[in-house]
Structures are given as structure tokens and as C-alpha cells.
Amino acid sequence: MDHCEVLSKKVIEFKPPVYEQRYYFVKNLVNQHGHKKIADLGFGDATLLWMLKYHRCVQYLVGVDIAAKPFEWGGGRLSPGVGSYIIPRELDLTITLYRGSAVQKDSRLCGFDLITCIELIEHLDSEDLAKFPEVVFGYFSPGMVVISTPNSEFNPLFPASTFRDPDHRFEWNRKQFQMWALDVAKLYHYSVEFSGVGDPPAGAEHVGYCTQIGVFQKNRAKPTESSISEPEEHVYEVVSFLWEVYTTSYPSLQQSKYFRFTLSIEAVKSIDLMKSRFLRGPRRKEGDRVVPLGSCTPQDGLTEAQRAEIEQSPKPYSVGEKFYVPLERLLAYPKVNLLVAGSTEKLRTVLAEGLRLNGDQTAVQVELVDYRTQRLFDEHLVSPALES
């Protein structure tokens with residue numbers, strides 16, 4: 001519920017809407033802690049999973065929902081798009097959706113970094129609510145649990161002061177939620193901090209946030225014992241979309257084919273920029289080589305220090321109709337250097353699979369004039385005859 005009406009009939013709007021604020025709360029926690037494995041219990045329309053897939057640190061996302069129906073939200077929003085193949089992620093990412101209940105034990109969710117339960121517990125009946133802590137905190141035993149639930153003290157500010165959703169089995173005030181959360185934290189060796197989203201209107205600060213949130217952090221010194229000796233259990237169904245299992249993996253630099261592709265593209269891009277500046281600028285002949293007199297370093301996208309470091313590396317040169325770029329020159333470019341972690345040998349090994357190197361394997365060899373640089377000659381921007 002994203003707006004309410006107080007007794008004065010003045011409409012109050014939450015900006016951004018409260019449901020977005022809940023998701024941003026989780027996003028900020030992921031940014032802060034760098035969680036790699038995250039499960040969202042009661043994923044609904046998968047908006048939170050969709051938002052989290054863009055985090056560089058996240059490697060495994062799982063959604064569990066008792067009424068998971070991917071055709072209602074479109075599985076495509078969680079699948080990698082064209083851009084994911086052009087610019088692969090640094091780390092692997094796999095997304096899997098299960099149909100199941102938050103009070104079912106499934107060993108595939110054990111040991112995650114973070115489990116989120118956003119507006120979930122108020123949908124559980126008393127029997128399931130009693131099972132919930134033992135399953136989530138005792139069996140799954142993640143490093144962190146985030147639970148959000150309506151704050152009933154805020155309800156009188158709404159047009160109707162009953163439950164916010166007809167499917168809610170209860171709605172707690174702050175004292176009730178905090179007593180429950182503290183008991184759970186103590187029993188399963190977690191600490192808990194309370195927060196919320198959805199500020200109350202001026203004059204009603206005493207009611208607290210519209211949504212109350214508990215952030216449970218596992219006490220590493222006192223691990224729970226209930227999940228250690230439990231047998232492996234798989235009870236969740238993998239959600240199907242168009243009769244296919246819905247699980248998707250993103251291309252990443254951890255996969256050799258995408259790493260080779262990304263490094264080669266970055267190298268070719270840098271070589272083309274150098275060649276263009278080489279052909280446009282003054283040159284002179286030194287033996288059998290033609291070398292640039294000025295800089296061959298592009299001015300855009302680099303700091304002054306980065307340009308200076310590149311200029312200190314061996315310069316590119318041409319011999320006849322061939323253009324050569326020393327590997328040390330390429331390694332001085334920040335993006336290339338980052339991809340190979342500063343290793344000339346790694347750069348040589350990968351580029352040799354797709355590009356031509358010179359005889360002693362110290363430089364990349366390309367055509368001086370190709371379909372990209374021919375335009376320079378066609379437009380009479382440079383002379384095809386190299387200066388001596």
C-alpha cells in the first residue's frame with residue numbers, strides 16, 4: 001500500500017512507493033556486505049531478484065514461492081539479455097526459481113549469505129509461523145536474514161484500519177514483532193537490529209514506520225547445530241516456464257570463451273585507436289620500421305597518469321603494410337591490464353588464440369590499412385604513402 005489518508009483526509013504519498021523502499025533497503029544491505037548467495041522466500045513477481053541480479057558481487061540467486069507462476073511476470077526479466085553477452089559479468093551468476101513453502105526444509109537453501117522474507121510472515125497461519133524459525137534460522141542457517149512485515153500501529157492512518165491485505169493472518173505492532181524477533185534471535189544464536197521504511201506523516205511520528213524490518217545477523221562464534229547433521233532434502237519443485245525448467249546462467253569472465261572474447265574485443269579496440277592516431281599523425285622511418293613522432297594514445301577515457309604510463313611503454317610501429325602493437329603497450333591500457341591481472345604471459349596466451357602475433361610473440365600484428373582505416377584514405381585525411 002503506497003499512500004494513505006489521515007484523519008484530516010490529507011493524502012500522504014510515499015516517494016518512492018513503500019514496496020520499492022523495501023527492495024532498496026535490501027539492495028543497500030547487499031552493497032554493504034557483498035552477499036554472493038541470496039534466496040528470496042515469497043518472491044512474488046520477482047522484482048527483488050531482478051534488482052539484485054545487477055549486483056556484481058551476487059553469484060547465486062534463488063526464489064521460492066508457494067504459488068510461483070512465471071508466466072504471470074515473464075521469465076525473460078531474469079534471463080540474460082544481448083548486453084550480458086557483449087559485456088559479460090565479472091563473476092558467474094545463476095538464477096533458479098522453486099515452487100515451495102518457506103516452512104519446508106530443502107537442503108539446497110542451506111548456508112546462504114542472505115535470506116530475505118519481504119512481507120511474508122504475516123501470510124503464515126499459526127502452525128506455519130511456529131515452524132518458520134526452525135526452518136529458516138535453524139535448518140537453512142544463513143549468515144543474514146531480513147524480515148519485513150506491516151506495522152499495525154500505522155494502520156489507523158489508512159482509510160480502513162483493518163488488515164492491509166485480506167490474505168494476512170495477523171499484523172503485529174512494533175512491540176509484538178520485536179519480542180518475537182528477539183526470542184528467535186536468542187534461540188538460534190543471531191543478533192537482530194530493527195529498522196523500517198515508509199516514514200509517518202508529520203504529527204504521527206509516534207506510530208513508527210509503515211513497514212517494520214528486522215535484520216538478523218548470525219553469531220559466527222555460536223553456529224546452530226540443527227543443520228549440521230540433517231540429511232539432504234529436496235522438496236521444492238523447480239519452476240517451469242513454457243514447460244522448461246526455469247534456471248538460467250549468465251555469461252561471465254569466469255568462463256573461458258567469454259573471457260577470450262572480452263579481452264580480444266578490448267585489445268582490438270585499443271589497437272584500432274592507436275592505428276588511427278598513427279595514420280593521422282607525423283611519422284618517420286627508423287630502419288625498416290616507421291614509428292610515430294607524436295602520441296598514439298587516445299585522449300578520451302583515460303586520466304593524465306594513465307596516458308603518461310601508456311606513453312612510457314614501447315610504441316607501436318609499422319613495417320611495410322603491417323602494423324605492430326607491443327604487448328607491453330597493450331598491457332599499459334587499464335582495461336586490458338585489469339582483465340589479465342597485469343600478466344604479459346596471460347595476455348600473449350589468450351590473444352594468440354584469435355589474433356596474429358609477430359615472430360617472437362612480443363607484439364600483435366594487424367594490417368596497416370583495412371576496411372576500418374581505408375575510409376581515412378578515401379576521405380583524403382591521410383596520405384597512403386608513409387613519410388620518411
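Biologist: Which residues make the nonpolar surface patch of about 340 Å²?

Modeller: This is a predicted model, and in it the patch is made by V82, I86 and I87. To read such a patch, one looks at how much of a residue is accessible and where in the fold the residue sits. V82 is found in helix α3, which covers residues 82–86, and because its relative accessibility is 64%, over the 50% cut-off, V82 counts as exposed.

Biologist: How many helices and strands does the protein chain have, and how much of the chain counts as buried?

Modeller: The protein chain has eleven helices and 19 strands, and of its 388 residues 47% count as buried. The accessible surface of the chain comes to about 19900 Å², with 52% of that area belonging to carbon and sulfur atoms. When contacts between residues at least 6 apart in sequence are considered, 70% of them join residues at least 24 apart.

Biologist: Which residues touch the most other members of the largest nonpolar core?

Modeller: A nonpolar core is read as a set of buried nonpolar residues joined through their side-chain atoms. In the largest one, which has 35 residues, V26, L61 and V146 touch the most other members. The elements that give two or more residues to this core are α1 (18–33), α2 (47–52), β5, β6, β7 (144–150) and β9 (211–218), and the largest share, six residues, comes from α1.

Biologist: Which residues is V26 in contact with, leaving aside its neighbours within four places in sequence?

Modeller: With those neighbours set aside, V26 is in contact with L48, L52, L114, T116, I118 and V146. There is also a second, separate core of 34 residues, and A102, V136, F177 and Y190 are included in it.

Biologist: How many disulfides does a search of the whole structure find, and are C117 and C210 buried or exposed?

Modeller: The search finds zero disulfides. As for the two cysteines, C117 has a relative accessible area of 0% and is therefore buried, while C210, with a relative accessible area of 1%, is buried as well.

Biologist: How many salt bridges are there, and which parts of the chain does the pair of K105 and E134 link?

Modeller: A salt bridge is read from the distance between a side-chain nitrogen of Lys or Arg and a carboxyl oxygen of Asp or Glu, which has to be within 4 Å. The count comes to 13 salt bridges. In one of them the side chains of K105 and E134 meet, at 3.3 Å from N to O. This pair links distant parts of the chain, with K105 in the loop between β5 (93–99) and β6 (114–118) and E134 in helix α4 (residues 126–140), 29 residues apart. K105 counts as partly exposed because its relative accessibility is 21%, and E134, with a relative accessible area of 26%, is partly exposed too.

Biologist: Which residue forms a salt bridge with R284, and which residues are joined with E311 into one network?

Modeller: R284 forms a salt bridge with E286, and their closest N and O atoms are 3.1 Å apart. E286 is partly exposed at 38% relative accessibility, and R284 is partly exposed with a relative accessible area of 42%. The side chains of K315 and E311 also meet in a salt bridge, at 3.1 Å from N to O, and salt bridges that share partners join E311, K315 and R329 into one network. Within that network, K315 is partly exposed with a relative accessible area of 33%, and E311 counts as partly exposed at 26% relative accessibility.

Terms used:
Residues numbered from 1 in each chain as written. Predicted model: local features only at pLDDT ≥ 70, side-chain atom pairs only at ≥ 80, totals over all residues. Heavy atoms only, no water. Disulfide = S-S within 2.5 Å. Buried < 20%, exposed > 50% of the residue type's maximum accessible area, 1.4 Å probe, protein only. Helix = DSSP H or I, 4+ residues; strand = E, 2+ residues; numbered from the N terminus. Patch = residues over 30% accessible without salt bridge, like charges linked within 9 Å, V, L, I, M, F, W, Y side chains within 5 Å. Areas by Shrake-Rupley, 256 points an atom, 1.4 Å probe, with all protein chains shown as cover. Core = buried A, V, L, I, M, F, W, Y, C linked by side-chain atoms within 4.5 Å. Contact = heavy atoms within 4.5 Å.
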